[in-house]
Amino acid sequence: MTQRFYVTTPIYYVNGSPHIGHAYTSVVADALTRYHRMRGERARFLTGTDEHGQKIEREAVKAGVTPQAFVDDVSTRFRELWPKLGVQPDDFIRTTEPRHVEGVQKWWRKVRDAGDLYKGTYKGLYCVACEGYKTEKELLPGALCPIHERPVETLEEETWFFRLSKYQEPLLKLYAEHPEFVLPETRRNEIVSFVQGGLDDLSVSRSNFTWGIPVPDDPGHVIYVWFDALFNYLTAVDGTAEAEFWPPQIQLVAKDIVRFHAVYWPAFLMSAGFPREKLPTTVWTHGYLLSGGRKTSKTPGLTAVKTPGTTDPVRIADVLGADVLRFYLLREVGFGQDGEFSIPGIIGRARAELGETVGNLLHRALPFVGKYFEGKVPAARDEDLTDAERNLRTRIAALVTEVGAAWDTLAMHRALELTIEAARTANRYFDETAPWKLAKSEDRTRLGVVIAHVLEIVRVVAVMLSPVTPAKSDELLHQLGLDPVAPREDVDQWPLSWGGLAAHTVVRPGQPVFPKYDPATEAAMLLSLDVRDAEATPKSTPKTMSTEEKPAETAAAPVIAPAAPVAPAAEEASATIAYDDFAKVDLRVGKVLTAERIPRKDKLLKLSVDLGEASGPRTIIAGIALAFPVVEELVGQQVVVVANLAPRDFGKGLVSHGMLLAASSPESLSLATFPKAYAAGTRVK
Ligand code: MSP
């Protein structure tokens with residue numbers, strides 16, 4: 001029978017826009033789904049939005065709209081986010097949908113009929129942000145919630161209680177018999193000691209607000225938002241053709257909500273009659289993405305620490321690319337640990353590992369195919385192999401197995417580290433065998449063997465990367481002359497065997513697959529993502545290309561032009577500046593007098609721009625060359641210049657004395673200008 005794999009993310013609260021922390025869990029879930037599909041399993045990935053509760057009701061009131069209108073809007077933002085990050089859930093559930101509302105009421109009745117619900121009065125300290133009660137000893141000084149650092153409220157209300165206390169022993173038995181139920185182990189230990197400390201019955205209805213699912217047969221109460229929300233994982237498949245996916249193998253959560261998932265949730269399910277084999281297999285708790293040392297969040301004040309830049313995943317993906325962001329999220333942070341999120345860090349990783357290791361491998365080998373093998377992958381016959389190839393194959397085979405094992409244990413950071421190691425191994429082999437020297441021999445056999453091996457490893461690496469960088473992997477495969485990764489049930493496509501790239505395959509060399517960041521491009525990217533005091537990103541690792549090696553087209557795919565900081569989307573509160581700060585920027589109308597290309601700097605142009613200054617025209621180096629195939633078009637153009645920017649040295653005597661304003665997308669770039677002519681030097685404000 002086909003193995004199946006059901007993975008869930010928490011359903012996200014719709015009280016704020018999605019941020020990089022939400023994206024993190026969803027990217028992990030998406031990558032896991034792709035990995036399992038590639039291995040021939042039937043996989044299903046569920047995400048959605050959590051739309052009930054007092055917190056949402058209050059936000060809607062603040063926004064002056066009905067709760068339904070409010071949740072419709074924010075839920076759409078989540079739903080529309082995922083494709084922009086290459087995240088493809090199979091289902092997106094909203095807790096306001098009838099299928100869920102009816103499902104929750106059905107399971108409520110089951111729990112009630114099991115005798116596990118009773119009515120009483122509850123008085124406690126409630127954190128609206130958590131939608132949960134706190135004990136006094138948990139609070140921070142000043143009666144603040146330890147998670148949200150906001151005051152808790154005293155609530156006294158008539159409520160339905162769930163007999164959680166009854167499940168203390170069954171839960172402890174579950175953790176003991178199935179240690180995999182809560183992972184990693186540190187989290188399990190915390191949960192076990194929490195449950196050992198004794199469980200109070202849990203208040204599971206509210207009567208002081210109405211935005212929730214009505215308690216069946218008791219219309220004055222709505223169901224507690226966590227009872228409501230947790231059942232989403234079941235209501236999404238229950239009674240449908242997808243019911244065969246139940247139970248989930250992996251339920252991803254961050255540590256703030258592990259208790260709800262590892263204690264309440266299995267207790268609710270046990271009460272509703274689910275035996276062990278129908279309980280979720282593993283609640284997998286990951287750490288927090290931190291920004292400036294704090295949990296990334298939309299909450300003003302939490303992101304507004306000095307430098308970190310935007311936490312809006314769409315803006316980041318627009319500028320840096322979705323696959324590059326996905327790679328960073330999974331590679332940078334040890335899964336289960338907290339990890340500092342940083343935009344310069346994304347660029348550093350992408351440059352060193354994707355660009356200079358994986359992309360480099362492809363682009364240094366392909367030119368040999370065109371030049372010496374008529375554009376076809378050369379043959380590598382067994383009798384022509386040396387120990388170098390035999391050792392290489394053994395090492396790659398070991399890495400492929402280890403990478404798979406790392407995925408299987410959710411050690412994605414390790415899986416990616418080893419994947420990159422495979423590409424590094426091939427780069428070293430390339431350096432050692434020096435194909436540019438082999439090409440000098442009349443007999444091309446040895447050269448063919450080396451190039452065939454390098455290209456096969458590019459294939460292996462592309463396939464292993466594809467759960468994380470699906471689009472980029474397909475581009476790599478395309479250039480190798482191969483089809484995109486296309487999972488098929490019961491077919492394990494993990495690159496366990498050597499030789500997926502057959503001899504004589506016609507390669508399709510193209511643009512560099514991964515961007516190469518020159519200093520100007522990088523500076524513009526950082527600026528457009530609101531990174532102000534960024535530390536320098538890690539600089540290029542030493543080139544592995546020999547000087548004699550014919551470089552592949554080293555020009556990077558343009559990402560955005562350096563002269564073109566994309567205007568930040570207006571919504572980051574932390575990004576506002578005082579007028580006085582704005583007034584410090586000296587913007588001037590300029591007129592382009594000359595424009596010329598710069599040898600070997602195919603993205604830069606050297607402009608001479610008149611700002612009406614007595615000292616004469618200024619030299620401005622702008623990263624806009626790719627947008628102006630006919631550079632003469634620029635001559636005479638009116639532009640907007642940041643005139644008081646410190647000069648920037650591009651090396652080799654190229655110093656820029658200003659910056660042009662422009663708007664750009666990955667497809668196009670336009671310089672800022674005015675419909676009417678103004679004298680050079682006119683102030684722009
Ligand atoms: N609605 C509840 C979950 C109900 S599930 C039945 C909730 N929503 S939430 O919007 O606050 O999302 C929490 C989840 O978002 C975390 O568990 C985690 O998966 C993800 N993250 C939010 N911020 C994050 C970080 N800064 N770092 C890592 N994950 C983050 O809780």
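The exercises below deal with strands, cysteines and one histidine in a predicted model.

Residues are numbered from 1 along each chain as its sequence is written, and side-chain values use heavy atoms, with hydrogens and water left out. In this predicted model, local features need pLDDT of at least 70 and side-chain atom pairs count only at pLDDT 80 or more, while totals for chains, interfaces and linings use all residues.

**Exercise 1.** Find which strands stand at the edges of the open sheet 10-12-11.

Solution. Strands (E, at least two residues) and helices (H or I, at least four) are DSSP runs, numbered from the N terminus. Two strands pair if DSSP finds at least two bridges between them. Step one: the sheet has three strands in the order 10-12-11, with antiparallel pairing. Step two: strand 10 (205-206) and strand 11 (214-215) each have a single partner strand, so they stand at the edges and one side of each is left without a neighbour in the sheet. Step three: strand 10 pairs with strand 12 (residues 218-223) over two bridges, and R206 has V222 of strand 12 as its bridge partner.

**Exercise 2.** Work out which strands pair with strand 5, including strand 7 and strand 6.

Solution. Step one: strand 5 (residues 117-127) and strand 7 (residues 153-162) are antiparallel over 10 bridges; here K119 stands opposite W160. Step two: strand 5 is also antiparallel to strand 6 (residues 132-134), over three bridges, and C127 faces G132 there. Step three: four residues lie between the strands of this hairpin, where E131 takes a positive phi near 55 degrees.

**Exercise 3.** Decide how many disulfides the structure has.

Solution. A disulfide is a pair of cysteine sulfur atoms within 2.5 Å. Step one: the search of the whole structure finds zero. Step two: the cysteine sulfur closest to that of C130 belongs to C127, and at 3.7 Å it is too far for a bond. Step three: C145 is in no disulfide either, its nearest cysteine sulfur, in C127, being 3.7 Å away. Step four: buried means under 20% relative accessible area, exposed over 50%, partly exposed in between (1.4 Å probe, protein chains only). C130 at 9% is buried, and C145 at 0% is buried.

**Exercise 4.** Describe the surroundings of H261 in helix 9.

Solution. Step one: helix 9 spans residues 258-271 and includes H261. Step two: H261 has 1% relative accessibility, so it counts as buried. Step three: its side chain reaches the backbone oxygen of I257 at 3.1 Å. Step four: leaving out residues up to four places away in sequence, H261 touches (heavy atoms within 4.5 Å) F181, W226, L230, Y233, V253, P266 and V283.

Note on methods:
A polar contact is a pair of N or O atoms within 3.5 Å; within protein, one must be able to donate a hydrogen and the other to accept it, and residues adjacent in sequence count only if both atoms are side-chain atoms.
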